[in-house]
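Please read the following report with the sequence and the model side by side, and find each named place before going on to the next.

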Amino acid sequence: MDERVTYFADVVLPLHLPQYYTYRVPLEYNDGIMVGQRVVVQFGGSKVYSAVVRKVHQQAPEYANVKYILGILDPQPVVTELQLEFWEWIAQYYMCCVGDVMAVALPSAYRLQSESFIEVHPDFSGEISNLSANEMKVLELLSTNGSAKVSDITKALNFKKILPLLKTMIEKKIIIMDEELKQRYTPKTETYLKLSPEYLDHDKGRELFDSLEGKASSHKQLEVMLKFMQQTDFGKQPIRKSIFTRDKELSASALKTLIKNGVITAYDQQESRLIDVDKTQSVSNIKLSEQQQNAFDKIDINNPEAPQITLIHGVTSSGKTELYIKLINEVIKQGRQVLYLLPEIALTAQIINRLRKYFGTKVGVYHSKFSPNERAEVWTKTLCPENGGYQVLIGARSAMFLPFNDLGLVIVDEEHDSSYKQYEPAPRYNARDASIYLAHKCGAKVVLGTATPSVETYFNAKSGKYALVEMDKRYGEVLMPEIRIADMRQNDRKGSVRSFFSKMLLDAIGEALQNNEQVILFQNRRGFSLRLECPTCGWIPSCSHCDVSLVYHKQTNSLRCHYCGYSIPVPAECPQCHNTYLKMRGFGTEKIEDELSIIFPDARIDRLDLDSVSSGKSKYVDIINRFEDRNIDILVGTQMITKGLDFDNVSVVGIMSADNMISFPDFRAFERSFQQMTQVSGRAGRHNKQGLVIIQTYNPTHQVIDYVVRNDYKALYNNQINERRIFGYPPYSKLIYLTLKHIDAEVLDKAAAELSFALRQVFAQRVVGPEYPMVSRVRNMFIKNIMIRLEKGFPLGEAKRKINDIAGQMLTKKEYSRLRFIPDVDPM
């Protein structure tokens, strides 16, 4: 660029702003400014942000006081042109701002701003000889104050261009963002057992065994030592404690005594969650079954004329992952990249370890469990795969935003899963649908895989929009699980229900435990009891901030709101009639866990739900790992356990209450009930034997339960597609939900009525509502919903523009200044 020409830059700020903002480029940056770079700008008074350059031009804005760019943070762009176009598409389609997209797309390490908190890095060595004068000033300030906002550092040092300096200090690990400090990656540690060195001596070892043999009280210790020597090559090799203690016959107290007496040494060793970093196996060793080979040939990944999008409808354990590995290998041969999306973080640990065996360090993982700096590192390695970067990226929905250099394949596993939908904050995107658009932009193929496709996806496949591949047999001829129905009405009449367990389910659990096999129990409600109730006057404790009853949690002995977190101690009496006998109604995962410990006192029981994993991001993975290592006999969980996890020792799956899912008031209730029950059923008997699934229900003849028992997805689909055709629901229409929130119910009612009236002038009978949702107040904000149902062929872009115009005009009124307007396109 000409050094004497005045340039301007339009930038994206990580804020909810409807437009780009223009800044003047200082002459000294004329040769360095590029689209996709981060720059430091001042916005809104004294606040400073890192923004992304969208366009560089010479057209001066109409307003006179154009602020200057304060600095350039990157020597090269960190966001590609394709990404910026993708951000703009997401903002347009999901009715939000490009700044909203930037805020979720960029790693937080790339979003330094004046409100960010900075601290001295806990691993900083204290070596200051190589620090510059300005770095020393920052370090002295932080050493004195502990932590400081970027804006405070700017004021204290009177140094405007502070962000480039802080960026350099973060890279040198001198300082750290407070957010990163809170989210620091917790290394996985394993406890190992080894024989204490003195007993490796032959004579000492003999003395030990003679002393144990000579005492009747040491019989259990002798059994442990014999087993230990057998599994450790006579004490020469250490062994993981989790593996050694799988044998329930071994005495845990005897092992504890041997450790206490110094015979066996227990020590913790840090381990990577990503095993086999180096490639250890060849893809050519994977032998596809006939149906896998047919699927591979139909996808025809190397043929540009083959269909761009393919749905693999394969039953659980049909070998979809092996097929994915073969497809990934073909794309890597082309020198292109692969995006492998999964609905849950926990699934990435299992899948990445399998892929690294075949592709080594070409595989990277990206999700919120990593610290900001770790995510920034993955971002850089994705941007430059030719310099030792990543060609295969695995992650949850946010991995879609990585800066792919040459994307050749997108795999969306468990494509039906609602976890792909982002709810809060904006953008409220669906990663499955957005990644299909991204693949289209990149000229990449898309593979959607699931045992239970969403009705919309299967409709697209049946209508020819997507190619369809069916895999109806389990890999290795493993039988599908046997599914039995426990009729709870009959059980109640016979008096054979213990707590909320049918005799059939208890017998199956007992037999599995006797055979050293594992059990999964699914109940899609967490907590101990769904509500507390006074049987005299009917009083039910409810949340002060939301219109919901409080759920009892035994672990904390409190009543808690699952919407806002509000909690109170359990009352000693009813505040209305003073009755001291309060009854618990319903049951959640915590109560199931509690009852099981009474019925099966020797079983190792754990729980996988939002409460059990809320103590830390690694807790989820820890529970999965312990179950995989067979250190948990019975795992009780919510929908978290219905995902595509692979366990080889689960013989029994129990669905505690099928009726709650089926009776939920939503047009997708039957579809989701079938998906959840089928998916959790697929965890049973996945390897060397047929599993058993028991469904407890008061309505055993319900059509959805019949579909699950017969594993008949097509019957469910035909039923649902006919209903949706009649009533005009997706895929025969597009839905847009408009949510209004306000602290004052009267203002909300007035605004909702006004908005719906204005919308009906444009969209007529396509507008449904306004209506209060089932939970009409959350965090003291009253809520009303309006649904707009647009038939196929209605111009969607034009409809969104009109909705924004109508809502925008209404929100300019002073009385609605505190009204929140939340559009949600394609709600789940």
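## A loop residue and its surroundings

N524 has a relative accessible area of 33%, which means that N524 is partly exposed, since buried would require under 20% and exposed over 50%. The model is a predicted one, and this residue is found in the loop between β20 (518–522) and β21 (531–533). Leaving aside neighbours within four places in sequence, N524 is in contact with T638, Q639 and Q676. The pair N524 and Q676 is separated by 152 residues in sequence, although the two C-alpha atoms are 9.5 Å apart in space.

## The seven-stranded sheet

Seven strands make up an open sheet, in which the pairing is parallel and the order is β14-β15-β13-β16-β17-β12-β18. The edges of this sheet are β14 (363–366) and β18 (467–471), each of which pairs on one side only, and the twist from one strand to the next averages 20 degrees.

The table lists three of the strand pairings in this sheet, each with a pair of residues that stand opposite each other or are bridge partners.

| Strands | Bridges and direction | Residue pair |
|---|---|---|
| β12 and β18 | five bridges, parallel | L311 and L468 |
| β13 and β15 | four bridges, parallel | V338 and V392 |
| β14 and β15 | four bridges, parallel | G364 and L393 |

Strand β15 (residues 392–395) appears in two of these rows, pairing with β13 and with β14. Which way do the residues of β15 point? V392 and I394 point one way from the strand, while L393 and G395 point the other way, and all of them are buried.

Helix α15 (residues 431–442) lies across β12, β13 (337–341), β16 (407–413) and β17 (445–450), and the direction of this helix is at about 165 degrees to that of β16.

A second helix to look at is α12 (residues 320–333), which contains T321. Is T321 buried or exposed? With a relative accessibility of 13%, T321 counts as buried, because the cut-off for buried is under 20%. When neighbours within four places in sequence are left aside, the contacts of T321 are with Y340, I351 and R354.

## Two packed helices

Two packed helices are described by the angle between their axes and the distance between the axes. For helix α1 (residues 81–93) and helix α2 (residues 98–105), the angle is about 120 degrees and the axes are 8 Å apart. The two helices α1 and α2 are therefore oblique to each other, since an angle of about 120 degrees lies outside the range of 65 to 115 degrees for roughly perpendicular and is not over 145, as roughly antiparallel would require. The crossing of α1 and α2 is right-handed. On the α1 side the contact is made by W87, E88, I90 and A91, and on the α2 side by V98, V101, M102 and A105. Sorted by kind, the residues of this contact comprise seven nonpolar, no polar and one charged.

## A sheet of three strands

Another open sheet has three strands in the order β22-β23-β24, and here the pairing is antiparallel. The edge strands are β22 (551–553) and β24 (567–569), each pairing on one side only, and the twist averages 30 degrees from one strand to the next. Strand β23 (residues 558–560) is joined to β24 by three bridges, the two strands running antiparallel, and the bridge partner of S558 in β24 is P569.

Methods:
Residues numbered from 1 in each chain as written. Predicted model: local features only at pLDDT ≥ 70, side-chain atom pairs only at ≥ 80, totals over all residues. Heavy atoms only, no water. Pairing = 2+ DSSP bridges. Axes fitted to C-alpha atoms, helices over the stretch in contact; angles between N-to-C directions. Contact = heavy atoms within 4.5 Å. Buried < 20%, exposed > 50% of the residue type's maximum accessible area, 1.4 Å probe, protein only. Parallel < 35°, antiparallel > 145°, perpendicular 65-115°, else oblique. Left-handed = near helix turned anticlockwise from the far one by under 90°. Nonpolar A, V, L, I, M, F, W, Y, C, P; charged D, E, K, R; others polar.
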